[in-house]
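Hi everyone, thanks for making time this morning. I'd like to walk you through a model, so let me put it up on the screen.

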Amino acid sequence: MALLEAEHVVMRFGGVVALDGASVDIAPGEVTGLIGPNGAGKTTLFNVVTGLLAPTSGTVRFDGADITRAAMAKRSQMGIARTFQKLEAFNTLSAFDNVRVAVEKNRRAKWKHRRVNDVAHEMLDKVGLGDVADVTVGTLPTGSARLVELARALACRPRVLLLDEPSSGLNEEETSSIGRMLLELVDDKGNDLAVLLVEHDMSFVMGVCARIHVLDFGQVIASGTALEVQADAAVRAAYLGGDEFRGAYAGVGQ
Ligand SMILES: Nc1ncnc2c1ncn2[C@@H]1O[C@H](COP(=O)(O)OP(=O)(O)OP(=O)(O)O)[C@@H](O)[C@H]1O
Ligand SMILES: [Mg+2]
């Protein structure tokens, strides 16, 4: 059962058609991939799903309800959280304070019976940053700053987590550690979480995603398992021969 569905979404910016009838669905308990060449419309789809952009046409459904025109705050309250392609954490605040602000914002709706500081520490521990709670985010390595963003997103107690290139700026080890973390988060039945992952790192995507949607020029050209999309002729053509996929299939979590 899909928890989040985007149906026939069109997004025009003047003459640019960023999304051209794109339909994707994501299910709880899984990491779903959203891949495609630069400019394919991945971030635009995130913006439509989170409410930053109102689509020209099409529908976004969450848990069966039409949320196409719902305000961003309402969607966040419903449990849709995201991280950004560019780092958005507060650089002058500590990792702990960054997360605490996010917990506080969601306190009434999500954490009524818990102390803010306890929840903030729990979120930091979840992403493995317990030891650097007091360090200013601006002085942390990129990998850790990205994890602070993940902890901030988890502070919203999401049911749908949208991650826009979380491995950007990370080394191989940090990337596989994020991959393991995502699989743990979706495997935990108590979280009942669906993750939508935008990524250019193919071995990362192929390793953690149960299903993958492939966008090209705003259209979904393939949807399926890692093996299915890698073998798809249209996908290989979109990636100019498919060199990206050479040796990409890692088989983790499949
Ligand atoms: N606010 C905007 N105004 C005008 N055009 C835009 C706007 N946002 C995105 N676009 C255009 O829409 C298309 C899709 O952009 P988008 O950022 O969604 O691609 P993407 O798949 O996320 O690419 P990347 O992999 O480089 O992040 C591009 O042609 C882009 O230039
Ligand atoms: Mg993008």
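Let's start at aspartate 63: is it buried or exposed? Aspartate 63 has 15 other C-beta atoms within 10 Å, so it comes out as partly exposed. Please keep in mind that we are looking at a predicted model. You will find aspartate 63 in the loop between β4 and β5. Its backbone caught my eye, because most residues other than glycine have a negative phi. In aspartate 63, phi is positive, near 50°.

Glutamate 165 tells a similar kind of story. Its phi is near 55°, again a positive value in a residue that is not glycine. Glutamate 165 lies in the loop between β7 and α7, which spans 172-187. It counts as partly exposed because it has 19 C-beta neighbours inside 10 Å, and the buried class begins at 20.

Now to the sheets, and I'll take the one beside the β4 to β5 loop. Four strands make up this open sheet, in the order β2-β1-β4-β5, with antiparallel pairing. The edges are β2 and β5 (65-66), and each has a single partner strand, so one side of each has no neighbour in the sheet. Between β1 (residues 4-13) and β2 there are eight bridges in the antiparallel sense. If you want a landmark there, look for valine 9, which sits opposite alanine 22 in β2. Helix α1 packs on this sheet, where it touches β1, β2 and β4 (57-62). The direction of α1 makes about 115° with that of β1.

The other sheet is an open one of six strands, and here the pairing is mixed. What is the order of the strands? Reading across, you get β6-β7-β8-β3-β9-β10. β6 (80-83) and β10 are at the edges with a single partner strand each, so one side of each is left without a neighbour in the sheet. From one strand to the next, the twist averages 20°. At the β6 end, four bridges link β6 in parallel to β7 (residues 160-164), and alanine 81 faces leucine 161 in β7. Helix α1 packs on this sheet too, with contacts to β3, β6, β7, β8 (194-198) and β9. Here the direction of α1 makes about 150° with that of β7.

Let me move across to β9 (residues 211-216), where five of the six residues are buried. On one side, β9 pairs with β3 (residues 31-35) in the parallel sense over four bridges, with threonine 32 opposite arginine 211. On the other, five bridges join β9 to β10 (residues 219-224), and that pair runs antiparallel. Isoleucine 212 is opposite glycine 224 in β10. β9 and β10 form a hairpin with two residues between them. In that turn, phenylalanine 217 has a positive phi of about 45°.

On to ligand 1. Which elements give two or more residues to the shell around ligand 1? The residues around ligand 1 include Phe13, Val16, Ala18, Asn38, Lys42, Thr43, Thr44 and Gln85. The elements in question are β2 (16-26) and α1 (42-50). α1 supplies the largest share of that shell, three residues. By character, the shell divides into four nonpolar, seven polar and one charged.

Two more helices before I stop. In α5 (residues 116-126), the buried residues are Val119, Ala120, Met123 and Leu124. Why do they line one face of the helix? Looking down the axis of α5, the buried residues fall within an arc of 135°, so they line one face. Among the elements covering them are α3 (95-105) and α6 (142-154). After α5 comes glycine 128, with a positive phi near 75°.

Finally, valine 186, which belongs to helix α7. Valine 186 counts as buried because it has 23 C-beta neighbours inside 10 Å. Leaving out residues up to four places away in sequence, valine 186 touches Gly29, Glu30, Val31, Leu193 and Val195. Glutamate 228 is 42 residues from valine 186 along the chain, and their C-alpha atoms are 22 Å apart.

That's my tour, and I'm happy to go back to any part of it.

Methods. Residues numbered from 1 in each chain as written. Chains lettered and ligands numbered in written order. Predicted model: local features only at pLDDT ≥ 70, side-chain atom pairs only at ≥ 80, totals over all residues. Buried ≥ 20, exposed ≤ 12 C-beta atoms within 10 Å, placed from the backbone. Pairing = 2+ DSSP bridges. Near = placed C-beta within 6 Å. Nonpolar A, V, L, I, M, F, W, Y, C, P; charged D, E, K, R; others polar. Contact = placed C-beta atoms within 7 Å. Axes fitted to C-alpha atoms, helices over the stretch in contact; angles between N-to-C directions. Arc of directions from axis to C-beta.
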